[in-house]
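Hi,

Here is the structure I said I would pass on. Have a look at it first, and my notes follow underneath.

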Amino acid sequence: MIPHRRIRWVQKLAMQYLLRYRIPKTFNVLHHTEVELLPGHSILLLCNHFSWWDGFWAGHLTNIYFHRDFYIMMQEDHLKKRMYINYMGAFSINRQSKQVIQSLQYAANLLSNPNNLVTVFPQGQLVSNHSDEINIERGIDYMVKKIEGNCQVIYYSAFVEYFESLRPSVYFHLLDCGTNHNFDYEKVKAKINAHHKQALKKPG
């Protein structure tokens, strides 16, 4: 696996570029619902995965709302093509390799620090955001059980709409999935899918 080489000033500069220039130029509105954030908890952020922007949106939300140190798990072949993201907190997973356990443990170690947020795409691949089912890979269950300390698990479904604007708007529907101490894989999977289907009915 490829560990992160996060440099705080590089990540901060990239977030300023996104907030002040790239996002306002590209999008009409970025709107998110809210959940109760637990103090003293790291955050495992699970997201539906359908676009090139997904990781940058997660970083944007981390910067303006979650206020944690941002890390993201990426498929290894994708990270190798964009190694500059490695300096922004990206580390790799190769689901076809025996090192997959190493990557999951690495994420769990990051989440054992209450100042951190780790973004994971539980579907493991790009899937249309209009799909009515979110597949949660079993590795999430393994990862959560390896976390030491307190971690809050949050999921969001993101949807892109245009409505009356030439530029797209993005809507993030957040869901509190509890903590690592009460995590039940099957129940969380069902809860996420029910939430996603409900959000599909009114994506904006």
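Let me start with one pair of strands: E3 (residues 69-75) and E5 (residues 116-120) run parallel to each other, joined over four bridges. Within that pairing, isoleucine 72 sits opposite threonine 119 of E5. Before you go further, keep in mind that this is a predicted model.

Zooming out, the pair belongs to an open sheet of seven strands with mixed pairing, in the order E1-E7-E6-E2-E5-E3-E4. The edges are taken by strand E1 (30-32) and strand E4 (90-93); each has a single partner strand, so one side of each has no neighbour in the sheet. From one strand to the next, the twist averages 25°.

Now for one of the edge strands. Alanine 90 is found in strand E4, so is it buried or exposed? It is buried, with a relative accessible area of 0%, where anything under 20% counts as buried. Leaving out residues up to four places away in sequence, alanine 90 touches Pro3, His4, Ile72, Met74, Leu79 and Ile85. Ile72 is the residue that stands opposite threonine 119. Alanine 90 and isoleucine 72 are 18 residues apart in sequence, and their C-alpha atoms are 4.7 Å apart in space.

On to the helices. Helix H6 (residues 185-201) lies across three strands, namely E2 (42-47), E6 (151-161) and E7 (169-179), and runs at about 155° to E7.

Helix H2 (residues 54-66) is largely enclosed by the rest of the structure, because eleven of its 13 residues are buried. If you want to click through them, the buried ones are Asp54, Gly55, Phe56, Trp57, Ala58, Gly59, His60, Leu61, Thr62, Tyr65 and Phe66. Straight after H2 comes histidine 67, and its phi is positive, near 55°.

Last, something on the surface. Ile7, Trp9, Leu13 and Tyr87 make a nonpolar patch of about 410 Å². Where does isoleucine 7 lie? You will find it in the segment before helix H1 (8-26), and it is partly exposed, with a relative accessible area of 30%.

If you only open a few views, I would pick the E3 and E5 pairing with its four bridges, the surroundings of alanine 90 in E4, and the nonpolar patch that includes Trp9 and Tyr87.

Cheers

Note on methods. Residues are numbered from 1 along each chain as its sequence is written. This is a predicted model: local features need pLDDT of at least 70, side-chain atom pairs count only at pLDDT 80 or more; totals for chains, interfaces and linings use all residues. Side-chain values use heavy atoms; hydrogens and water are left out. Buried means under 20% relative accessible area, exposed over 50%, partly exposed in between (1.4 Å probe, protein chains only). Helices (H or I, at least four residues) and strands (E, at least two) are DSSP runs, numbered from the N terminus. Two strands pair if DSSP finds at least two bridges between them. Axes are lines fitted to C-alpha atoms, for helices over the stretch in contact, and angles run from 0 to 180 degrees between N-to-C directions. Contact means heavy atoms within 4.5 Å. Patches are made of residues with over 30% relative accessible area and no salt bridge: like charges are joined within 9 Å, nonpolar side chains (Val, Leu, Ile, Met, Phe, Trp, Tyr) within 5 Å. Accessible areas come from the Shrake-Rupley method with a 1.4 Å probe; for residues, only the protein chains shown count as cover. A salt bridge is a side-chain nitrogen of Lys or Arg within 4 Å of a carboxyl oxygen of Asp or Glu.
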